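Colleague: Before I look at the model, could you take me through the terms you use for it, and show me how each value is set against its definition?

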Amino acid sequence: MRIVFIGPPGAGKGTQAERMIDRFGITHLSTGDMLRAARQAKTEVGCKADEYMSAGQLVPDDIILAVIADRLTQDDCQGGYLLDGFPRTLGQAEALDRMLVQQQTPLDVVLELQVAEDELFSRLAGRGRADDKPEVIRQRLVAYRQQTQPLLEFYGKQGLLVSIDGLGTPEDIFERITAALDALEQD
Ligand code: AMP
């Protein structure tokens with residue numbers, strides 16, 4: 001299965017992503033994790049990305065696309081993958097579509113994890129990551145609203161979007177996700 005996982009920062013995507021890859025045996029591709037690793041290793045990409053990440057802004061599309069394009073063609077992606085945190089802009093989504101058409105590997109589903117903004121703010125503020133300072137959190141939520149939310153309509157029009165209520169225990173939410181994915185597999 002090829003899945004795109006969309007949700008605002010703090011929605012619990014990381015936790016659910018871990019469960020999904022175990023359950024469905026697919027590869028977890030988190031652009032946030034890739035960028036943090038690059039930043040840690042002080043690569044050129046990592047240093048460039050750091051300026052944006054520290055400010056709560058999205059890293060420019062050309063950097064992200066270079067990181068992900070390579071990754072999608074690797075062996076461990078051939079059995080399916082979960083894209084977590086990518087695409088995040090319409091430009092990225094369109095570029096992904098072009099790559100997948102070329103590789104003849106269409107997406108199966110786009111899962112949206114829905115959580116209201118005031119709930120997100122208090123969750124993020126309690127997390128303690130470097131980009132979880134209040135002003136940075138605010139900026140990340142703005143980036144989501146302005147740049148990523150339009151993807152919901154984009155994928156809705158393609159008939160790929162399934163929205164999941166992200167309130168409840170991790171177990172409740174995982175059950176909703178697996179029910180939605182099981183229903184797809186039976187189609
Ligand atoms: P995440 O762990 O997915 O919340 O990502 C952390 C940070 O990495 C984001 O706030 C962005 O600065 C950057 N980032 C991760 N994925 C992307 C993406 N697809 N496009 C642009 N920036 C990204």
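Modeller: Let me begin with a definition: a helix here is a DSSP run of H or I with at least four residues, and helices are numbered from the N terminus. Please keep in mind that this is a predicted model.

Colleague: Which helix gives the most to the shell around the ligand?

Modeller: Helix α2, which spans residues 31-40, gives the most to that shell, with four residues. In total 15 residues surround the ligand, and the closest are Thr31, Arg36, Gln57, Gly85 and Gln92. The shell draws at least three residues from each of domain 1 (2-26 + 79-181) and domain 2 (32-78), and its residues divide into six nonpolar, five polar and four charged.

Colleague: Why is the pair formed by Val59 and the ligand called a polar contact?

Modeller: A backbone N or O atom of Val59 lies 3.0 Å from a nitrogen atom of the ligand, and the cut-off for a pair of N or O atoms is 3.5 Å, so this pair counts as a polar contact.

Colleague: What makes the pair with Arg140 count as well?

Modeller: An N or O atom in the side chain of Arg140 is 3.4 Å from an oxygen atom of the ligand, which is within 3.5 Å, and therefore this pair also meets the definition. The protein covers 95% of the 480 Å² of accessible area that the ligand has on its own.

Colleague: Where does the ligand sit?

Modeller: The ligand sits in the largest pocket, which means that more than half of its atoms lie within 2 Å of the grid points of that pocket.

How values were computed: Residues numbered from 1 in each chain as written. Predicted model: local features only at pLDDT ≥ 70, side-chain atom pairs only at ≥ 80, totals over all residues. Heavy atoms only, no water. Near = heavy atom within 4 Å. Polar contact = N/O pair within 3.5 Å; in protein donor to acceptor, adjacent residues only side chain to side chain. Areas by Shrake-Rupley, 256 points an atom, 1.4 Å probe, with all protein chains shown as cover. 1 Å grid on protein atoms, 1.4 Å probe; cavity = no way out; pocket = protein on both sides within 12 Å on 5 of 7 lines; lining within 4 Å. Helix = DSSP H or I, 4+ residues; strand = E, 2+ residues; numbered from the N terminus. Nonpolar A, V, L, I, M, F, W, Y, C, P; charged D, E, K, R; others polar. Domains from an automatic or database assignment.
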